[in-house]
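This report walks through one chain, from a single residue to the fold as a whole, and then to its charged pairs, one helix and a pocket.

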Amino acid sequence: MHAPVKGVSQKGQRREARARATRDRIVKAARELFEKKGYSATTVASIAAEAGVATATVYQAFGTKYAILARALDLAIVNDQDPVGLLDRPWVDRVRDTADPHDRLTLVVNHTSEIAARTAALKRAMRDAAATDPEVGVLILEDHQRRLRTQRALVGFVLDAAPLRPGLTKDDAVATFFGTVNSDCYLLMADNLGWGLDRWQRWLVQLLSHGLFGTTAGPVP
């Protein structure tokens with residue numbers, strides 16, 4: 001049980017807990033509407049109705065629909081409320097503790113591809129909205145840059161366990177990973193080939209094993 005925060009009464013803590021629960025409910029409702037109806041077609045009033053709160057409560061909690069979208073994206077990436085950065089998650093420690101380079105690559109691919117698949121529907125809504133909303137376009141660019149930084153670090157952990165194939169640089173390896181392990185690639189395979197997450201992951205491991213190290217992970221079942 002957490003000790004009371006110094007200077008904050010129990011009543012204040014309960015009030016903050018209720019406010020946090022309300023914010024979470026608003027974000028969950030908004031994400032569902034963004035993915036189902038699209039960002040542009042979703043109004044703050046419809047988010048409030050879906051969350052079961054007053055429209056004024058939504059504005060009080062977030063200020064703008066864009067702020068809700070940004071928060072929804074953040075939560076979709078990490079998939080929980082823990083204030084822990086992606087590179088500080090326990091699974092990243094497991095990557096570092098894994099000696100076999102193929103197992104290390106598989107761990108990184110599996111976790112990052114899960115993020116890509118989990119955020120795919122929301123990112124599709126964002127991409128559609130960006131055609132008429134420059135602010136959403138900026139959020140997409142910022143997300144790409146954040147993903148690139150994260151994947152550069154993760155690829156570095158993989159390369160600590162094995163050398164790249166001759167003629168390939170770390171920048172080449174990062175670019176290959178960045179260009180394949182993303183929501184757009186997942187949607188391409190899922191929508192057009194009917195692939196599920198498991199098959200896409202196996203294909204990525206095979207592709208990246210060969211592309212980065214010149215080895216094979218076996219055929220995709």
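In which helix is Thr-57 found? Thr-57 lies in helix α3, which covers residues 55-62. The model is a predicted one, and what follows should be read with that in mind. Thr-57 has a relative accessible area of 27% and is therefore partly exposed. Leaving aside residues up to four places away in sequence, Thr-57 touches Thr-22 and Ile-26. Thr-22 stands 35 residues from Thr-57 along the chain, and the C-alpha atoms of these two residues are separated by 8.7 Å.

## The chain as a whole

The chain contains ten helices and zero strands, so that its pattern, read along the sequence, is α-α-α-α-α-α-α-α-α-α. Taken along the principal axes, the C-alpha atoms fill a box of roughly 60 × 45 × 30 Å. The chain has 221 residues, of which 41% count as buried. Among the contacts in the chain with a separation of 6 or more, 63% are accounted for by residues 24 or more positions apart.

## Salt bridges

Side chains of opposite charge can pair when their charged atoms come close. In this model the count comes to twelve salt bridges, and the table sets out some of them, with the N to O distance for each pair.

| Residue | Partner | N to O distance |
|---|---|---|
| Arg-96 | Asp-93 | 3.1 Å |
| Asp-143 | Lys-123 | 2.9 Å |
| Arg-152 | Asp-171 | 3.0 Å |

The pair of Arg-96 and Asp-93 lies within one helix: the two residues are three apart in helix α5 (residues 90-97), and are therefore separated by about one helical turn. An α-helix has 3.6 residues a turn, so residues three or four places apart point the same way. Arg-96 is partly exposed, at a relative accessible area of 40%, and Asp-93, at 37% relative accessibility, likewise counts as partly exposed.

The side chains of Asp-143 and Lys-123, by contrast, meet in a salt bridge that links distant parts of the chain, since Asp-143 belongs to helix α7 (residues 134-159) and Lys-123 to helix α6 (residues 101-130), with their positions 20 residues apart. Are these two partners buried or exposed? Asp-143, with 6% relative accessibility, counts as buried, and Lys-123, with 15%, counts as buried too, because the cut-off for a buried residue is under 20% relative accessible area. Not counting residues up to four places away in sequence, Lys-123 touches Leu-73 and Ser-183 as well as Asp-143.

The side chains of Arg-152 and Asp-171 also meet in a salt bridge, and this pair again links distant parts of the chain, with Arg-152 in helix α7 and Asp-171 in helix α8 (residues 170-180), 19 residues apart. Arg-152 is partly exposed, its relative accessible area being 34%. Salt bridges that share partners also join Asp-74, Lys-123, Asp-143 and Arg-146 into one network.

## Helix α10

Helix α10 (residues 197-213) has 17 residues, which at 1.5 Å a residue should span 24 Å, and the C-alpha atoms at its ends are 23 Å apart, in agreement with that expectation. Buried residues of α10 include Trp-200, Trp-203, Leu-204, Val-205, Leu-208, Leu-212 and Phe-213, and also Gln-201, Ser-209 and Gly-211. The buried residues of this helix pack against α6, α7, α8 and α9 (183-193). Just after α10 comes Gly-214, which takes a positive phi of about 75 degrees.

## The largest pocket

Rolling a probe the size of a water molecule over the atoms shows where empty space is left. The largest pocket has a volume of about 370 Å³. It is lined by 24 residues, of which Ile-77, Val-78, Leu-86, Ile-115 and Arg-146 are the closest to its centre. At least two residues of the lining come from each of α4 (65-78), α6 and α7. Sorted by class, the lining holds nine nonpolar, seven polar and eight charged residues. Arg-146 thus appears both among the residues closest to the centre of this pocket and in the salt-bridge network with Asp-74, Lys-123 and Asp-143.

Terms used. Residues numbered from 1 in each chain as written. Predicted model: local features only at pLDDT ≥ 70, side-chain atom pairs only at ≥ 80, totals over all residues. Heavy atoms only, no water. Salt bridge = Lys/Arg side-chain N within 4 Å of Asp/Glu carboxyl O. Helix = DSSP H or I, 4+ residues; strand = E, 2+ residues; numbered from the N terminus. Buried < 20%, exposed > 50% of the residue type's maximum accessible area, 1.4 Å probe, protein only. Contact = heavy atoms within 4.5 Å. Expected span 1.5 Å × (residues − 1). 1 Å grid on protein atoms, 1.4 Å probe; cavity = no way out; pocket = protein on both sides within 12 Å on 5 of 7 lines; lining within 4 Å. Points joined across faces, edges and corners; volume = space filled by probe spheres on them. Nonpolar A, V, L, I, M, F, W, Y, C, P; charged D, E, K, R; others polar.
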